[in-house]
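Q: Could you take a close look at one part of this model for me? I'd like to know what one polar side chain is doing, and then how its surroundings fit into the rest of the chain.

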Amino acid sequence: MSFKKPIVAVITVDPADIAEIRIEPDRNNRALYTRRPFKENEVIIDFSARSVHSTPSYLTVQISDHEHIELFPECLECINHSCDPNCFFDTARMELVSLKDIEDGEELTFFYPSAEWNMDQAFRCTCGSKDCVGVIQGARYLSAEATRHYRFTEFIKAKLASR
């Protein structure tokens with residue numbers, strides 16, 4: 001998939017009906033919390049590329065070797081990392097999909113390496129999951145064992161298959 005210019009699509013669902021941004025003072029960051037429950041494999045919201053960049057940043061999702069998109073609607077950039085994620089950015093369909101049942105008021109989280117090969121800013125994960133990967137730096141650095149536990153974008157699956 002290749003984007004030549006920023007793409008803005010009409011989002012038919014008001015993001016405010018789906019989720020709300022909350023400030024997490026103990027973690028000093030923003031987080032996105034649901035405003036309604038979602039069933040496993042349910043599309044939470046469609047998204048598009050607000051802009052396309054040639055290098056990654058903490059606000060982008062990777063779609064090719066040299067294309068990293070900022071998400072629209074912008075509230076999706078508030079979805080934080082977890083090694084036990086409850087949603088996934090399907091960049092082939094441009095849909096945010098639930099990986100399991102999600103309760104009303106639950107924080108939306110995704111596994112950053114599921115959509116990033118080599119992240120701009122690595123960090124030590126503090127998610128507390130029993131399967132915590134530890135240092136989060138992109139799919140490139142995951143063990144073969146770790147890759148069996150996660151869903152990856154088509155781009156990341158291709159990169160993993162070629163290493």
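A: The side chain of Asn 80 puts a polar atom 3.0 Å from the backbone oxygen of Arg 30. Keep in mind that this is a predicted model, so treat the distances here as computed from that prediction.

The Asn 80 side chain has another partner too: a polar contact of 3.0 Å links it to the side chain of Glu 107. So what we've got is one side chain with a backbone oxygen, that of Arg 30, on its list, and the side chain of Glu 107 on it as well.

Where does Asn 80 sit? It belongs to strand β7, which covers residues 80–81. As for cover, Asn 80 has a relative accessibility of 12%, and because buried means under 20%, it counts as buried.

Now for the neighbours. Leaving out residues up to four places away in sequence, Asn 80 touches Arg 27, Asn 29, Arg 30 and Ala 31, and also Glu 107, Leu 108, Thr 109, Phe 110 and Tyr 112. Both polar partners, Arg 30 and Glu 107, are in that set.

For a contrast, have a look at Arg 140. It's in the loop between β12 (135–136) and α2 (144–147). Its relative accessibility is 44%, and since partly exposed runs between 20% and 50%, that is what Arg 140 counts as. Not counting residues up to four places away in sequence, Arg 140 touches Trp 117, Asn 118 and Arg 163. Pro 113 is 27 residues from Arg 140 in sequence, with 8.1 Å between their C-alpha atoms.

Stepping back to the whole chain, there are three helices and twelve strands. Of the contacts with a separation of 6 or more, 60% are between residues 24 or more positions apart. Among the chain's 163 residues, 46% count as buried, and Asn 80 is one that does.

Overall size fits a globule: a compact one with 163 residues would have a radius of gyration near 15 Å, and the chain agrees because it has 15 Å. Its C-alpha trace spans about 40 × 40 × 30 Å along the principal axes.

On the outside, about 8,800 Å² is exposed, with carbon and sulfur atoms supplying 48% of that. Charge-wise, the chain carries 19 positive and 26 negative side chains, and the centres of those two sets are 5 Å apart.

Methods: Residues are numbered from 1 along each chain as its sequence is written. This is a predicted model: local features need pLDDT of at least 70, side-chain atom pairs count only at pLDDT 80 or more; totals for chains, interfaces and linings use all residues. Side-chain values use heavy atoms; hydrogens and water are left out. Helices (H or I, at least four residues) and strands (E, at least two) are DSSP runs, numbered from the N terminus. The radius of gyration is taken over C-alpha atoms; the globule rule is 2.2 Å times the number of residues to the power 0.38. Buried means under 20% relative accessible area, exposed over 50%, partly exposed in between (1.4 Å probe, protein chains only). Contact means heavy atoms within 4.5 Å. Accessible areas come from the Shrake-Rupley method with a 1.4 Å probe; for residues, only the protein chains shown count as cover. Lys and Arg count as positive and Asp and Glu as negative; His and the chain ends are not counted. The place of a charge is taken as NZ of Lys, CZ of Arg, CG of Asp or CD of Glu. A polar contact is a pair of N or O atoms within 3.5 Å; within protein, one must be able to donate a hydrogen and the other to accept it, and residues adjacent in sequence count only if both atoms are side-chain atoms.
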